[in-house]
Amino acid sequence: MSGPAHANYVLPFFFLFSAMGAADASSQCSDNKGSPLVRNISDIPQSNFGRGGLAHITIAGALSYGMKEVELWLQTFAPGTRTPIHRHSCEEVFVVLKGRGTLLLGSSSFKNPGKPQELAIYSNSTFSIPMNDPHQVWNTDENEDLQMLVVISRPPIKVFIYDDWSMPHTAAKLKFPYYWDEECFYEPKDEL
């Protein structure tokens, strides 16, 4: 597990977004104005954002719902899929709703993440990731999806992606700002 594990990566927390057409983007966005206070999660659009094996729903987000301090996601990982090794400038809390997997947790106290701790995660478990600690979530179950609620603090977040556990922290690739609902962010265009 210490070498690069590129197969079956999903990039559920941080990486480049796939190009989405305007029609797809508008169907993923809500304009907070007129959004009901109580919503049915089944009615909120979901996408894999170009990441095979992932289903992501932003339940409450910085761009799509105007959140400033936290975001809430519902994420489902197909068997064998995982996040990249990454760290970010926010706290993160997971609640495992169903399935099981492995949390790999490195340290930000050394030159590189080093050999990660391997912690079993399972239905009805919860875990927190300290700010800037490198980690990876992996659905190690061969038959069942891993589904979690995820809360992050202080959106937008700075995300650093690692090729492997021995990569120095200073060499990790930065993605900032990182928004799951990035396609909802429309910058005004200069008409001149």
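How many of the 8 residues of strand β9 (residues 146-153) are buried? The count is 6, so β9 is largely enclosed by the rest of the structure. Keep in mind that you're looking at a predicted model. Two topics are worth a look here: the neighbours of β9, and a set of residues that a UniProt record marks as a binding site.

**Strand β9 and its partners**

- Strand β2 (residues 70-77) is joined to β9 by 8 bridges, and the two run antiparallel.
- To find a spot where β2 meets β9, look for Leu 72, whose bridge partner in β9 is Val 151.
- Strand β4 also runs antiparallel to β9, with 6 bridges joining the pair.
- Over on that side, Lys 98 sits opposite Gln 147 of β9.

**The annotated binding site**

- According to an unreviewed UniProt entry, the "binding site" annotation takes in His 86, His 88, Glu 92 and His 135.
- These residues are spread over 50 residues of sequence, yet they cluster in space, with a largest C-alpha distance of 12.3 Å.

**A closer look at His 86**

- You'll find His 86 in strand β3, which covers residues 85-88.
- Its relative accessible area is 0%, so His 86 counts as buried, the cut-off being under 20%.
- A polar atom of the His 86 side chain lies 2.7 Å from the backbone oxygen of Pro 84.

**A closer look at Glu 92**

- Glu 92 belongs to strand β4, residues 92-98, and β4 is joined to β9 by 6 bridges.
- Glu 92 is buried too, because its relative accessibility is 0%.
- The side chains of Glu 92 and His 88 make a polar contact of 2.8 Å, and both residues are part of the UniProt annotation.

Conventions
Residues are numbered from 1 along each chain as its sequence is written. This is a predicted model: local features need pLDDT of at least 70, side-chain atom pairs count only at pLDDT 80 or more; totals for chains, interfaces and linings use all residues. Side-chain values use heavy atoms; hydrogens and water are left out. UniProt positions are given in the numbering used here, feature names are shortened, and annotations may be inferred rather than shown by experiment. Helices (H or I, at least four residues) and strands (E, at least two) are DSSP runs, numbered from the N terminus. Buried means under 20% relative accessible area, exposed over 50%, partly exposed in between (1.4 Å probe, protein chains only). A polar contact is a pair of N or O atoms within 3.5 Å; within protein, one must be able to donate a hydrogen and the other to accept it, and residues adjacent in sequence count only if both atoms are side-chain atoms. Two strands pair if DSSP finds at least two bridges between them.
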